[in-house]
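Here are my notes after going through the model. I have kept them as short points, so dip in wherever you like.

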Amino acid sequence: MKSKGLLVVLSGPSGVGKGTVRKALFETDQEKNQFFYSVSATTRQAREGEVDGKDYFFVSREEFEKMIEDEKLLEYAEYVGNFYGTPLDYIDKMTNAGKDVFLEIEVQGALQVKRRMPDGVFIFLAPPNLRELESRIVNRGTDSPEVIAERMDKARTELQLMTQYDYVVENDDVDLAVKRIQTIIKAEHLKVDRFIDDIVENYLGEGD
Ligand code: 5GP
């Protein structure tokens, strides 16, 4: 039996470690050839070492606005002064070909995807507690006390949206978080709903 590819959305508050967990997931041998990462478009400047087309599609504000207008994005959000969005055609192409597509996006965008594609698998990456989240944001060393306070406020609001997701994965340890995500995906592949056409054809059709 064959099922359509999954759309897996990993989300969670700023500072929780989404990027680190996503990279670790893609580095594990087991998952290497199974997932396809959906590269987002963004208007932010590339950071050192980032590659256009691999980390992001770096576009101008005008180009981004044109993508919105032409309905080329599955979702988009403005985050700390820049736009981020998920190109729609890649997701359609891969899931229709039976491949799993993985998005790592912030909370507003994830909830837009949920409204448009409720069949997706929505995973909320949660910090062990608020104190731990604050110390991660502080330890990045890039933010002023005001920005840290602002990020913490935003994180509290985002944590309240956790109940709208299908799964919650605590990021107490990166390897453990990766294992939990792999378990979720394996189980999701076996859900009856994902095989319904095959089931009707192979088991419930007219017998001889
Ligand atoms: P950064 O600038 O650190 O790469 O990303 C900032 C935030 O934007 C992160 O929380 C990241 O998950 C989120 N992000 C990256 N791509 C997208 C996207 O396509 N859509 C949305 N909504 N958020 C995104």
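How much area does the chain expose, and what percentage of it do carbon and sulfur atoms supply? About 12,100 Å² is exposed, with 49% coming from carbon and sulfur. Keep in mind throughout that this is a predicted model.

1. **Overall build.** The chain has nine helices and nine strands. Its radius of gyration is 18 Å, close to the 17 Å that the globule rule gives for 208 residues, so the chain is as compact as a globular protein of that length. The C-alpha trace spans about 75 × 40 × 30 Å along its principal axes, which is handy to have when you orient the view.

2. **Burial, contacts and charge.** Of the 208 residues, 43% count as buried. If you take the contacts between residues at least 6 apart in sequence, 67% of them join residues at least 24 apart. On charge, the chain carries 28 positive and 40 negative ones, and their mean positions are 3 Å apart.

3. **Leu125.** This one belongs to strand E8, residues 121-126. Is Leu125 buried or exposed? Its relative accessibility is 0%, so Leu125 counts as buried. Beyond neighbours within four places in sequence, Leu125 is in contact with a list of residues that includes Leu10, Ser11, Gly12 and Pro13. Also on that list are Val16, Gly17, Lys18 and Val21, as well as Val169, Asn171 and Ala177. For a sense of the fold here, Leu125 and Gly19 are 106 residues apart in sequence, while their C-alpha atoms are 11 Å apart in space.

4. **Glu188.** Have a look at this acidic side chain in helix H8, which covers residues 174-189. The relative accessible area of Glu188 is 2%, under the 20% cut-off, so Glu188 is buried. What does the side chain of Glu188 make a polar contact with? The partner is the side chain of Lys191, at 3.1 Å. Setting aside neighbours within four places in sequence, Glu188 is also in contact with Leu6, Val121, Tyr167 and Arg194.

5. **Arg194.** Following that last contact of Glu188, we reach the loop between H8 and helix H9 (196-202), where Arg194 is found. A polar atom of the Arg194 side chain lies 3.2 Å from the backbone oxygen of Asp119. Leu161 is 33 residues from Arg194 in sequence, and the two are 26 Å apart in space, C-alpha to C-alpha.

6. **Arg151 and Asp153.** Both sit in helix H7: Arg151 is part of that helix, and so is Asp153, with the helix running over residues 145-159. Arg151 has a relative accessible area of 16% and is buried, whereas Asp153, at 48%, counts as partly exposed. The Arg151 side chain makes a polar contact with the side chain of Tyr79 at 3.3 Å. Apart from neighbours within four places in sequence, Arg151 is in contact with Ser14, Tyr79, Ile137, Arg140 and Asp143. As for Asp153, Lys18 is 135 residues away in sequence and 18 Å away in space, C-alpha to C-alpha.

7. **Tyr37.** Strand E2 (residues 35-37) holds Tyr37, and at 14% relative accessibility Tyr37 counts as buried. Which side chain does Tyr37 make a polar contact with? That would be Arg22, at 3.4 Å. Arg22 also appears among the contacts of Tyr37 outside the four places either side in sequence, together with Phe26, Tyr90, Phe102 and Glu104. The C-alpha atoms of Tyr37 and Phe26 are separated by 8.6 Å, with the two residues eleven apart along the chain.

8. **Glu71, a backbone point.** Most residues other than glycine have a negative phi. Glu71 has a phi near 55°, a positive value in a residue other than glycine. Where is Glu71 placed? It is in the loop between helix H3 (61-69) and strand E5 (73-79). With 64% relative accessibility, over the 50% cut-off, Glu71 counts as exposed. Please check the backbone of Glu71 in your own viewer, given that positive phi.

How values were computed. Residues are numbered from 1 along each chain as its sequence is written. This is a predicted model: local features need pLDDT of at least 70, side-chain atom pairs count only at pLDDT 80 or more; totals for chains, interfaces and linings use all residues. Side-chain values use heavy atoms; hydrogens and water are left out. Helices (H or I, at least four residues) and strands (E, at least two) are DSSP runs, numbered from the N terminus. The radius of gyration is taken over C-alpha atoms; the globule rule is 2.2 Å times the number of residues to the power 0.38. Buried means under 20% relative accessible area, exposed over 50%, partly exposed in between (1.4 Å probe, protein chains only). Contact means heavy atoms within 4.5 Å. Accessible areas come from the Shrake-Rupley method with a 1.4 Å probe; for residues, only the protein chains shown count as cover. Lys and Arg count as positive and Asp and Glu as negative; His and the chain ends are not counted. The place of a charge is taken as NZ of Lys, CZ of Arg, CG of Asp or CD of Glu. A polar contact is a pair of N or O atoms within 3.5 Å; within protein, one must be able to donate a hydrogen and the other to accept it, and residues adjacent in sequence count only if both atoms are side-chain atoms.
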